[in-house]
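Biologist: Could you go through this model with me, one topic at a time? I'd like to begin with how two helices pack.
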There are 2 protein chains.
Amino acid sequence: MTHKVAFTAVKTVKAYERVVEQIETAISKRELRPGDRLPSERELMLTFEVSRSTIREALRVLESTGLVRSRPGDPRGPEVLQASPAILTKTVNRLVRLETIALSELVEFRIMLEGAACTLAAQHRTEPQLQAMRTAVDAMQAEVAHGPVAFSRADVAFHESVWAASHNQLMQICGEATRGALIDMVIGELDRAPDSQARMELSLAHDREILAAISAGDGSTAGRLARSFVIEYYGDIISPENRAALGNVDEVPA
Amino acid sequence: MTHKVAFTAVKTVKAYERVVEQIETAISKRELRPGDRLPSERELMLTFEVSRSTIREALRVLESTGLVRSRPGDPRGPEVLQASPAILTKTVNRLVRLETIALSELVEFRIMLEGAACTLAAQHRTEPQLQAMRTAVDAMQAEVAHGPVAFSRADVAFHESVWAASHNQLMQICGEATRGALIDMVIGELDRAPDSQARMELSLAHDREILAAISAGDGSTAGRLARSFVIEYYGDIISPENRAALGNVDEVPA
DNA sequence: AGAGTGTACTGGTCTGACCATAGTTTTCAC
DNA sequence: GTGAAAACTATGGTCAGACCAGTACACTCT
């Protein structure tokens, strides 16, 4: 009857992988909590019965995942870290940069993201966050006089406050990643703009409109405005037909 | 005048980190492309002038980020991999499990993504892609008889064809990552559903509606439908107020 | 009690070795 | 000549043992 025995495929699991796995599950089971200390490498090699190289390789991958941090000389051992979305940002960034992604795609994605973020912000925003957005806009107003660079910095700050108000970390991460990638790809375009004064005024007016919609809790309008403004900003990059289609998504009545 | 010299903070950079950095930038600069082989560990330790342990630790972090893969015994050396969203999925998963990211956030993000993907698909879809979507829906129809598991597989296939029609790789990457994470989180829920027959019929009807909107080029409707269906599907997870707000985004006339 | 010194142990790195394995080459039989 | 089998070679995985610079903590000495 041996033919009825259900054998299962075997894959050789490397030693350091099993060490990683055990520590990882210990962390996700809350047996190890942020701030806790792992035993020293020399202790770990005894408990896992492997060599120190193996332990170190395991710690390196745990470290690159952001789960632990080793500091030389610390007698308390490696520290278990608080999980943070920061590691996601790096990954998304690399993916964006690595994938052969057309600039138009990036812009398109950014448009959708920006719209969604504003929509969510209009629904989730709290009073202090509204206040933060208002002061951010006021700061932009003040920076108009100091040139495009300072203004752009204030602009970014405003948008960040909007992203924060969306109360969605995934959205924020993607927003951050796409913004970084976009800046990298269109670097230097800012100063090139001849009518910087007019552009600043326009941006300011746009952001005021968005803020009003968010403040009113009108997610639909906020999203639509954001989309059309991003389209305007990066208009040269995407084709005219897309420009029309993406911008008017919400204007077509259901 | 030494006090005017601008010194800059020094942080000790570990050797393996610099190895990682160099290989990483080589990959992101396309000097190393997917499928290429890295030199063997013993060669690397000569070119970087470090010990093999250091090289190995560097390779472990590169491997954990999905950039390379080492296979024992392969004389061609470690392989440079194609960047893949799989690593993103794993990271998102862990963050959700560690409650750094709320499940509701993930669902919310998914809703926005799905809607955006359908909107884009309605605008960018080509005729062959429409055909692929139609056959995918037909396949779903056929799988209804074979139970929820087979049906769900067909369902996923349909949605993948929609994502593909969006012609936006970033959207696809994020979609894949979130889908993977969501599936992992709600695994087993499928069979639990008592009225699986009715649910399948409903899903099928929903997908038919979406397909119709995409086919008609109506991005607004396609997006709205997709959002409301995802909300329906994962309805238990998000709070009632969000359910209403997110679903009706496009129904509020501008 | 506080400031400075010691010290024990940490992580980072190196050397050198062994094993099983996978790709390649060579051999050998037909 | 050709195909399969055996031998070879370099690879990654793992181990043991060593050295160094640095940190936290205890222990001085005032």
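Biologist: In what kind of crossing does H10(A) pass H11(A), left-handed or right-handed?
Modeller: Keeping in mind that this is a predicted model, H10(A) passes H11(A) in a left-handed crossing.

Biologist: And at roughly what angle do the axes of those helices cross?
Modeller: The axes of helix H10 (residues 196-215) and helix H11 (residues 219-233), both of chain A, cross at roughly 165° and come within 8 Å. Angles over 145 degrees count as roughly antiparallel, and H10(A) and H11(A) are therefore roughly antiparallel to each other.

Biologist: Which residues meet there?
Modeller: On the H10(A) side they include A:Leu202, A:His206 and A:Ile210, while those in H11(A) include A:Leu225, A:Ala226 and A:Phe229. By class, the contact of H10(A) with H11(A) has nine nonpolar, two polar and three charged residues.

Biologist: Switching topic, how is chain B related to chain A?
Modeller: A turn of 178° with a shift of 0.1 Å along the axis lays chain B on chain A, with an RMSD of 2.0 Å. The two copies are thus related as by a two-fold rotation axis. As for their contact, 97% of the contact residues of chain B recur in chain A, so the same surface serves both copies.

Biologist: Which residue of chain B comes closest to the rotation axis?
Modeller: That is B:Val61, whose C-alpha lies at 1.9 Å from the axis.

Biologist: One last thing, is B:Thr91 buried or exposed?
Modeller: B:Thr91, which lies in helix H4 (residues 86-97) of chain B, has a relative accessible area of 5% and is therefore buried, since buried means under 20%.

Biologist: What does B:Thr91 touch?
Modeller: Leaving out residues up to four places away in sequence, B:Thr91 touches A:Ile87 and A:Leu88.

Terms used
Residues are numbered from 1 along each chain as its sequence is written. Chains are lettered from A and ligands numbered from 1 in the order in which they are written. This is a predicted model: local features need pLDDT of at least 70, side-chain atom pairs count only at pLDDT 80 or more; totals for chains, interfaces and linings use all residues. Side-chain values use heavy atoms; hydrogens and water are left out. Axes are lines fitted to C-alpha atoms, for helices over the stretch in contact, and angles run from 0 to 180 degrees between N-to-C directions. Helices (H or I, at least four residues) and strands (E, at least two) are DSSP runs, numbered from the N terminus. Angles under 35 degrees count as roughly parallel, over 145 as roughly antiparallel, 65 to 115 as roughly perpendicular and the rest as oblique. A crossing is left-handed if the near helix is turned anticlockwise from the far one by less than a right angle, and right-handed if clockwise. Contact means heavy atoms within 4.5 Å. Ala, Val, Leu, Ile, Met, Phe, Trp, Tyr, Cys and Pro count as nonpolar, Asp, Glu, Lys and Arg as charged, and the others, Gly among them, as polar. Copies are superposed by least squares on the C-alpha atoms of residues with pLDDT of at least 70 in both. Buried means under 20% relative accessible area, exposed over 50%, partly exposed in between (1.4 Å probe, protein chains only).
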